[in-house]
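Trainee: Please take one part of this model and go through it closely, for someone who has not seen it before. Begin with the terms that the rest will rely on.

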Amino acid sequence: MSESPQNFDPDSIVEQVLGGEKDRFRLLVREYGLLVRGYLAARVYHLEDAEDLAQEAFLVAFSKLSTYEIGTNFRAWLLSIAKFQLNNHWRKTSRRANAMDRFRHDIAEAVQPEMQKASDELKQENVRRLLDCISKLPDRTRHLIRAGLDGIRMESLAEELNLKPNAIYQLRHRAHLTLRKCMEQRTPES
Amino acid sequence: MSNHDKDPDFLDLLAAWHENKTLSPTRKKELLERLEKDENLRLALAREIEMAGLTRAAQAGEPRWLELEEKLGAQNETSPDFESEVMKRLQENLPENQRKNIFNFPNLAWLGIAAALIFAFLNLSNQEPLEQGVAKLIRLEGTAKPMEKERILRKDEEFVIEEGLVEMAFRETGVHLIGTGPLKMTLLGNDRVFLKEGEIKLVVPPQGIGFVVDTLERKFVDLGTSFVVQASKEGSKVLVLEGEIAVGGRNDKPSQLMGKGSAADFDRNGSVNLRSRGPSGVPELSLPSMTHSENSLAGKIYGIKEGTFPVTTEKEKIKKRAIVRNFIPLIRSGFKNQARFKNFVQGRPLRFTGIAGTYDNFPLRTSLAPYSVESGWLAWYSGKVKAPKTGRYRFWGYADNNLLVAIDRKPVFEGSRYDSHFQNELKVPRKNHPFLPCLNARAGFASGKWFEVGDEPIRIDLLFGETSMTMTSGLLLIEYQKDSYEKTYWGQPKWPLFLTEFPQEKQLAELDVLRIHMEEKIQGSFSVSQDSIWQVASDS
C-alpha cells in the first residue's frame, strides 16, 4: 500500500479499518479533513458550525464505512455525507433564520449545481498545496484573506487599507484566483 | 483575471454571502434574477465561495475532534508502522520549491503554521505516549550525516549538527523550530529547549505560549510570537520577529518584555545591548557623504523644537502635533508658505540618495537633536531635475509614515501610510496596490498619476518622514512608460529606485543587500539603473 500524497489509496485504508485497524481511519481524516472542513466552511456562516459538522461527517463516515463500495470514489462518498449533514443543519437553523440568512439560502440554492462543480474541480492534490500557496502570498494579501478569521469586519479592514468595502471583496477574489492558479500550476511537479 | 471582479452584482453577492451585507428587497430580487439568468456569474460565485471556504478552514487551525478521537480509540492501538508512514507523508508534503524559501521569514512563519497544523492534525490531541518523544524532526538538510531513520526527538536529548539546517515540530505545543548549524541544543521537554550554540527560529502557535529557550545568559519566554535566538561563546542574541517575549535572567532576575522588531545582545558578563528596533529587521542603509556637489539634490531635515508641547500620552494629541501636519500649508501653497517653520529645528543639510529601506536612525545620523521625537521628523528635498528621457513617468512606492512628491509644485505622488496626514488631508490621487508587498505590511504600495516630462528641467519637491517616534521605512520607485521591466514572483515590475545620482560603491552594495532582503523575505524588489538617473540641473 502506498500512501504518499500522490498515491493515496483510500480504498486500501478503508479495508484496513474494516479489518479492525480502526486507528487507520486517522489517515483518512488527515487526507480529507481540510477538504471536508473547507466544503462546509464555504457553506456555513459560522466557522465553529462548519467544524462541528465536519466532525459529524467523519463520525458518520466511520460508523457507516461498511456501506462504502470499494472501487468507487471515497472522496465523493465522504462529501455526500458532509452534504447530508449540511442539509440537516440548514433544516434545523432555517426556523430561526432572519431575512439575510434567507437570502444566503436563496443564493445557495441558485448556485447549488455550480457549487458542486466548483467543489469537484478542487483536486485533492491541489488542496494539499493550499497552505504552501497561502504562505507565498504577500503579507497584506494574507491579512486580507484571513481578516474574517481574526474577527475583523470588512468595513474595518476597508478603512485600514483605505479601500472601499467592495474593493476588499474584489481583492480577495483576486487573491483566491492567485491561490487557485498557484495550486494548479504546481500540479506537474507533484 | 476574472471578468467578474469588477461586476457590482458579483461583489454585492459576495458581501451578502460573507458578511450578511444589508440589501434592499429590490436589490436582492435583482441579484437573484441575475443569478438565475447568468451561468457564468453563478460559476464565478460558486468558485469564489468554495475557495473562500477552503482558505478559511486552512487558516483556522486544526480543530480538536474529541468525539471522533474517542470513537477511534487510544493511539496505542495504532498499527506499528503508523508513525513511519506519517513521517513519510510529512516529508512528501514539503515540496522542493517550498524549501528554497527556507529563510524567508514571513514565509517561514506560514511554513511554521502549516507544519504546526499538519502536526496537530497528525496528533489529534496528544494521543501518542510521551515516551515516543517530545518533537518530530521534519527536515534535516546539508548535514554530513544522512537523515536519521528514527525521526523522533526525545526529552533531554542533545541535538547536534555541525552544519546545514534542521526543522522540527514540538509534539504538544505545536512549536515549530528551524535551526542552522553549527547547532547544539538540548530538548528539555515539550515546552523548553536549552540552546548552547547556534541559531534557532521559533514560530509559536497559541497553544505553545510560554515556550522557553534557555541560554547560558538568559531565559527567553515566548508570549505568542516568532523569534530568533542565537547562542555562541561570546553570549546570546535575540531578535523578535512578531509578538512579544519576556527575557529573564538566569538567576531569577525580573523579566523584561521585548516587542516586535527588538533585538538585543547579552554577553557572559551580564551586560545587555539593545541593538536595533525596526519594523521587520530590515537593513538600514548607512548615510553616504552629505557633501554637496552641483549634481546633488539638496534637502533639509526638520523636527519640532523639544519642549514645544507639554508631555502627553494621548494618541490623538500626539498625532495632531506631528511635524508632518505643519507641512500641509506648505504643500497647498505650492511650496511657498513656510509660516509654520518658525517652531522647527533643523539637522545637517541633506543630499538625496534615494528612499529605500528603514530610516530609524536617520534623525540621529543627520544630527537632528534635540527635537521632539514624539512629533516625528520630515526631510524636504527640493531642486530642478532633468529626466533621463522625455516622456511619461509615474512614481511607485510607500512609506511608513509619510511620502510625497510634487512636480512643478503640484503633488503627483503620495505614498504615505493609510492613517497619515498627507493621505487624509491632501487627498492626492493615488492608486493602491495591496497585492504588492511592503517592507512594513501596513504601509501600502501606491502609484501616482502619470506626468509628462520634456527636455527642460522640472522642479521637484520630495517629502519623506515620520509622524511620531522613529520607526520609519519607505521605498520610492519611478516608472518610465515606454520601458518594460523584469517582474517579481508577484508580478511587480522591478522599477528602478528614483535617484538623482548613481550610488557610490558602498551604497550600491548596501542597496543590493536590501534588495536581496526584500526578495527573500517579502518577495518584493527594485532595481538600480544608470539609465534612470535624473540629473540635477546646474541652476538648481
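Mentor: A residue counts as buried if 20 or more other C-beta atoms lie within 10 Å of its own, as exposed if 12 or fewer do, and as partly exposed in between. Asp156(B) shows how this works: it has 10 C-beta neighbours inside 10 Å, so it counts as exposed. Asp156(B) sits in the loop of chain B between strand E2 (152–153) and strand E3 (158–161). Its phi is near 65°, a positive value in a residue other than glycine. Most residues other than glycine have a negative phi. Keep in mind throughout that this is a predicted model.

The part to look at closely is the helical chain A and its packing against chain B. Chain A has 11 helices and zero strands, and 44% of its 190 residues count as buried. Among the contacts in chain A with a separation of 6 or more, 62% join residues 24 or more positions apart.

Start with the nonpolar core. In soluble globular proteins, nonpolar side chains tend to be buried together. Here the largest nonpolar core has 70 residues, and Val36(A), Leu40(A), Ala82(A) and Leu130(A) have the most contacts inside it. The element that gives the most to this core is helix H2 of chain A, residues 25–43, with 12 residues. Another core, of 66 residues, lies apart from it and includes Leu285(B), Ile304(B), Ile331(B) and Phe422(B).

Val36(A) is a useful residue from which to follow the packing. Once neighbours within four places in sequence are left aside, Val36(A) is in contact with Ala54(A), Ala57(A), Leu78(A) and Ala82(A). Two of these names come back in helix H3 of chain A, residues 47–63. The buried residues of H3(A) are Ala50(A), Glu51(A), Leu53(A), Ala54(A), Gln55(A), Glu56(A), Ala57(A), Phe58(A) and Ala61(A). The length of this helix can be checked by simple arithmetic. At 1.5 Å a residue, its 17 residues should span 24 Å, and the end C-alpha atoms are 24 Å apart, which agrees.

Now return to H2(A) and follow it to the other chain. Two packed helices are described by the angle between their axes and the distance between the axes. The axis of H2(A) and that of helix H3 of chain B, residues 39–59, come within 7 Å and cross at roughly 120°. Because of that angle, H2(A) is oblique to H3(B). The crossing of H2(A) past H3(B) is right-handed. On the side of H2(A), the contact is made by Leu34(A), Arg37(A), Gly38(A), Tyr39(A), Ala41(A), Ala42(A) and Arg43(A). On the side of H3(B), the residues are Ile49(B), Glu50(B), Ala52(B), Gly53(B), Leu54(B), Arg56(B), Ala57(B) and Ala58(B).

One residue of that chain B helix deserves its own look: Leu45(B) is found in helix H3 of chain B. It has 26 C-beta neighbours inside 10 Å and therefore counts as buried. Leaving aside neighbours within four places in sequence, Leu45(B) is in contact with Val111(A) in one chain, and with Phe10(B) and Leu13(B) in the other. Leu45(B) and Leu14(B) are 31 residues apart in sequence, and their C-alpha atoms are 7.5 Å apart in space.

H3 of chain B also turns up at helix H11 of chain A, where it is part of what covers the buried residues. The buried residues of H11(A) include Ile168(A), Tyr169(A), Leu171(A), His173(A), Leu179(A) and Met183(A). Their cover includes, from chain A, helix H7 (124–128), helix H8 (130–135), helix H9 (139–146) and helix H10 (154–160). Chain B adds helix H1 (8–19) and H3 to that cover. H11(A) runs over residues 165–185, and the same length check applies: 21 residues at 1.5 Å each should span 30 Å, and the end C-alpha atoms are 30 Å apart, which agrees.

For contrast with the buried positions, take Lys494(B), in the loop between strand E27 (473–480) and helix H12 (505–521) of chain B. Lys494(B) has 17 other C-beta atoms within 10 Å, so it is partly exposed. Not counting residues up to four places away in sequence, Lys494(B) touches Tyr485(B), Glu486(B), Lys487(B), Thr488(B), Ser525(B), Phe526(B) and Ser527(B).

Conventions
Residues numbered from 1 in each chain as written. Chains lettered and ligands numbered in written order. Predicted model: local features only at pLDDT ≥ 70, side-chain atom pairs only at ≥ 80, totals over all residues. Core = buried A, V, L, I, M, F, W, Y, C linked by C-beta atoms within 7 Å. Helix = DSSP H or I, 4+ residues; strand = E, 2+ residues; numbered from the N terminus. Contact = placed C-beta atoms within 7 Å. Expected span 1.5 Å × (residues − 1). Axes fitted to C-alpha atoms, helices over the stretch in contact; angles between N-to-C directions. Parallel < 35°, antiparallel > 145°, perpendicular 65-115°, else oblique. Left-handed = near helix turned anticlockwise from the far one by under 90°.
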